[in-house]
Amino acid sequence: MRFLARLLSAVIPLSLMLVGPSEAREWNAIKQSGTIIAATEGGFQPFNYYDGPKLTGFEVDLAEAIAKKLGLKLEWRVVPFDGQIAALKQDRFDFAIASHGYTAERAKSVDFANPHYCTGGQIAAHKDGPLTVAALDGKSVGVQLATTYADAAKKLKGLKAIKTYKGDPEAFAALRANKVDAWISDKFTVKATLDKNPDAGISAGEMVFVERVSMILRKNNKELAEKLNGALAEVMKDGTYKALSEKYFKEDISCRS
């Protein structure tokens, strides 16, 4: 799950770059402090990314709304996507909101809140390239490392090669340069990428799978999970979620089943 807004660390505020020694705390400790600490990636447009020096995006705005419902200030940590689960298990922050799709394997290490949107893995390729799962037979695919898209690619039969990249910008660049035949990523990331690169000659193709995306938190931190789920439900009920969804996607991206 990732996209085209990864900036050099030199331009990211140092206070956001530092993971820090903060502990993943129980709800009472969080409430008493008045601040909840969240992690995101900062390089996955339009979900979490930098607009100049400002951290923004659908998930960033949603987390801010959730924190407001909880009566808390929100303090951000920016952590690479593939390091977030390990950092969470080390109690470096209270929760992460960075487009983690639910998998049984991830659930062994962290707990998932209720899903805050549904999406799926989509193929992108040159207009005359492999735009269906069947057409990928004998072809090479680019994916971001440590994502559900990489996992999905491994399950596809007949692929010539799977090439992993640090982020979606690199995978998309590889596709444009014909270093891979196709790219598999989040359908909204694919759409945002192609909207920003209309002359790339790349088209969106078939969906590979559907996934439910949630905030993640430390195992067995049950009261915090209940509070996050409750605040998310309130944000969805009062129209805030719909407004944010329309702002970033021109549609409701919530899970409807």
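Reader: What do the buried residues of H9 pack against?

Author: In this predicted model, the buried residues of H9 pack against S3, strand S4 (54-56), H3, S7, helix H7 (187-196) and helix H8 (222-237).

Reader: Which residues of H9 are buried?

Author: Tyr241, Leu244, Ser245, Tyr248 and Phe249.

Reader: Why are they said to line one face of the helix?

Author: Look down the axis of H9. The buried residues fall within an arc of 100°, so they line one face. An α-helix has 3.6 residues a turn, so residues three or four places apart point the same way. The face turned away from the buried side carries the exposed residues Lys242 and Lys247.

Reader: What makes Phe58 and Phe249 an edge-to-face pair?

Author: Their ring centres are 5.4 Å apart, and the cut-off for a pair is 6.5 Å. Their planes stand at 75°, and edge-to-face needs over 60, so the pair is edge-to-face. Phe58 lies in helix H3 (residues 58-69) and Phe249 in helix H9 (residues 240-249), 191 residues apart. Both Phe58 and Phe249 are buried.

Reader: Why is the pair of Phe47 and Tyr117 called stacked?

Author: The angle between the planes is 15°, and stacked means under 30 degrees, so the name fits. The distance is 4.5 Å centre to centre. This pair also links distant parts of the chain: Phe47 is in the loop between strand S2 (43-44) and strand S3 (48-51), while Tyr117 is in strand S7 (residues 110-126).

Reader: Which residues form one aromatic cluster?

Author: Phe44, Phe47, Phe58, Tyr117, Phe188, Tyr241, Tyr248 and Phe249.

Key: Residues are numbered from 1 along each chain as its sequence is written. This is a predicted model: local features need pLDDT of at least 70, side-chain atom pairs count only at pLDDT 80 or more; totals for chains, interfaces and linings use all residues. Side-chain values use heavy atoms; hydrogens and water are left out. Rings of Phe, Tyr and Trp (its six-membered ring) pair if their centres lie within 6.5 Å; planes under 30 degrees apart count as stacked, over 60 as edge-to-face and the rest as tilted. Helices (H or I, at least four residues) and strands (E, at least two) are DSSP runs, numbered from the N terminus. Buried means under 20% relative accessible area, exposed over 50%, partly exposed in between (1.4 Å probe, protein chains only). The arc is that of the directions from the helix axis to the C-beta atoms. Contact means heavy atoms within 4.5 Å.
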